[in-house]
Amino acid sequence: MSAHLRPLERIRQVPVYALLLIYAVVIAYPLLWMVISSFKSSSEIFADPWGLPSIWLVQNYAQAWDKGISEYFLNSVIVTIASTAATVLIAALCAYGMVRMSSRVADVVLIVAMGGLVVAPQVSLIPLYRLLDGMGLLNTSWAMILPYVAFRLPMAILLIRSVFLGIPKELVDAATIDGCRSTGVLRHVYLPLSKSVLTTSAVLTGYFAWNEFLFAIVFIDQDSLRTIPAGLMSFRDALSTEWGVLLAGLTIAALPIVVVFIALQKYFVAGVAAGSVKG
Amino acid sequence: MKPLTRTFGNALYVLPALALLGLFVYYPLIANIVYGFFSFSAGAGEMKPVGADNFLRLLDDPIIKTALTNNLIYAIVSIICQVGGALVVAAWLTRLLGPRMGGILRSVYFLPAVISMTVIALLFTFVYNSRGGLLNELLALIGLEHLQTAWLADVDTALGSVIAVSQWQSIGYVCMLYVVALQQIPEEYYEAASLDGAGRIRQFFSITVPQAKEMIFVAMILTVSGAFTVFNEPYILTKGGPGNTTQVLATYMYNQGFFQNQMGYASAIASLIFLITLVLSLVQMLSFRSGKD
C-alpha cells in the first residue's frame, strides 16, 4: 500500500479524494436520513426532510415494534439460527465424509455440490411451492428453513472442505490411536482447527437467511410467520401514512445485520473473498 | 475398521447434504422443465398436458421481449458500474489512501450490501417520492426543479431509478472483492513501472487490470447472472410497472405464476432464466479451466 505520496502528488489527487468522499456521502446519507427521520412525525418528514427532529419521537420505535416488527423479528431470529446451524452442521459432516472417502466418490459428491451453486433459487420457485405444499409445509417455518439450508449448502461444503483437506493426516492418526472413533476425530481434530471457516460459513448463511425475500413471500401466507424482509411489505401497507413509524421499522430491521457486520467484518470479508457468491 | 463399514460410515456423513440438495435443489430444477409442458394452477387442480405451447408462447409474448431487454440493460449498467466502476474505486482505495482511511471508506461502501433489499427498496421509495421525496427536494435545493418527476411512476425514469438502487447497493460489495485481490499485487510492480515513467493511468491498465484479471472475471459472472435473475428491486419498487416498463424475467414469472395463476407458463419462463444462468455458468467453468492450463 502506498500511502506515502509526495505532497505535490497529494494535491494532484484532490479531485479523486473529493470523488471518493462524495461517493461515501451518497452511500451513507440515505442510511443516516433513515435513522434521523425515524424519530420524526410524518408531517415533519414531509415539511422538513433535511433537518433534525424538533422532538425526538422515540415512541415511533415502540409503535413499530408493537405493530408487527417484534413478531417478524422473532421469526427472522428463529429462521436464521435454525438455517445457519443446520447448514454449518450438515456441510461440516459432508465435508468430513468427503475427505475420508476415496477420491473418486468424493469427486462425485463435489460435482453435485458445485452444481448446486449454478441453480438460482428463482428457477425452482414453482416446483418448490408444489413440493412444500405436498409435504404440508407451506405456511410453516420449515418452508423457509429447508430451502435456505439446501441452497446454502454448496458454498458451505466447498469452503469447509477446502480447509479440511489441509488438516495433516498425522493428527488424525494420532487421535485414532488415542481411541477416537470417526465422530471423535471430527469433533476433536477437524472442528477445532476449522473455527474460522465455520464462522465464515455461518456468517454467509446467516446473512442470506436474514435477508431472503422471494421464498419468504411466496411460501408464507400467514402474517404471524413472516420474517422481516417479507413482513416489512405488509408493515408498509398497514402504515402507508405513518412514515416515521415505517422508517423506525426499517431501522430495526437493518440494525442487527449492520452490528453483526461491524463485529464480524473480518469473516464477512473472508466470505466475500472465498465465496465470491452473493445470495 | 473393515473397509466396507468404513465406506458405509462415510456415506452416512454426506447423506444429509445429498438428500437436501436432491430434494430441494435438483428435483425442483428438473420438475420445472417438465412443468413447462403442462397447464395448471396453484391449487390442487390437475395438470393438463399442452405440449410445447408454453415455450412457443415465450417466443411471441411482447412482455417477454420487454423483460429480456430490461434484464439486458440491467446487465450492461451493472457491468459498467460494478465491474468497471468498482475496480477504479478499489484501485483508488488501495493505491492512494492509507490502510486506515481506505479501510473506513471500504466499509462504508460495503454497508448497503449487508442490509436487506426490502429495507433498501422501501427506503428508496422515500428518495423517489414525487412529493417530498429526497431526490426532488435535492433538485429543488440546487435550482433544478424542471428535472423533478415521479421517478418510479414515470415511464421514462422508472427503469433507470430501479437499476440505480441495485448499483447503489452492490458497487461496494464488488469493490470489496477487488480490494482483496488488489492487496495481493506486489508493490514492486508499481515501483518498477513508476521508475519507467508510467503514470497512474498507465499503471492502472498495465498492472492493476491484468493482475486482477481473475477477479474481474468473477465480478463479471456475478453481476451478469445477478442482472438476469434480479427480482427484489423491481418487485418492491414498482411491481414491474408502470405498464410493464420495469418488468424483468423473474417478476414476470412470479406475476404469471402467482397472480395470473398460469403455473405452466411461469415454469416455462423459469426454464428460460435457468437456460441463461446455465450458459453463463458454463462460460465461467470453461474459462476457469482454460485459465488454469
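**Chain B, helix α4 and the contact between chains A and B**

Of the 293 residues in chain B, 45% are buried in this predicted model. The chain contains 13 helices and two strands, and its C-alpha trace extends over about 75 × 75 × 30 Å along the principal axes. When contacts in chain B between residues at least 6 apart in sequence are considered, 68% link residues at least 24 apart.

Helix α4 of chain B comprises the 16 residues 99-114. At 1.5 Å a residue, a span of 22 Å is expected for this helix, and the separation of its end C-alpha atoms, 22 Å, therefore agrees with the expectation. A kink of about 25° is nevertheless found in α4(B) at Val108(B), and the proline Pro112(B) follows shortly after.

The buried residues of α4(B) include Gly102(B), Leu105(B), Arg106(B) and Tyr109(B), as well as the run formed by Phe110(B), Leu111(B), Pro112(B), Ala113(B) and Val114(B). Pro112(B) thus appears both in the description of the kink and among the buried residues. The packing partners of these buried residues belong to both chains: α3 (62-96), α5 (117-128) and α7 (158-182) in chain B, and α2, α10 (195-211) and α13 (243-263) in chain A.

Between the two chains, 69 residues of chain A are in contact with 66 residues of chain B. On the side of chain A that touches chain B, helix α2 (residues 14-37) of chain A makes the greatest contribution, with nine residues. By residue type, this side of chain A consists of 56 nonpolar, 10 polar and three charged residues. Helix α2 of chain A is also one of the elements against which the buried residues of α4(B) pack.

Methods
Residues numbered from 1 in each chain as written. Chains lettered and ligands numbered in written order. Predicted model: local features only at pLDDT ≥ 70, side-chain atom pairs only at ≥ 80, totals over all residues. Contact = placed C-beta atoms within 7 Å. Helix = DSSP H or I, 4+ residues; strand = E, 2+ residues; numbered from the N terminus. Nonpolar A, V, L, I, M, F, W, Y, C, P; charged D, E, K, R; others polar. Expected span 1.5 Å × (residues − 1). Bend = angle between axes of the 7 residues up to and from the residue. Buried ≥ 20, exposed ≤ 12 C-beta atoms within 10 Å, placed from the backbone.
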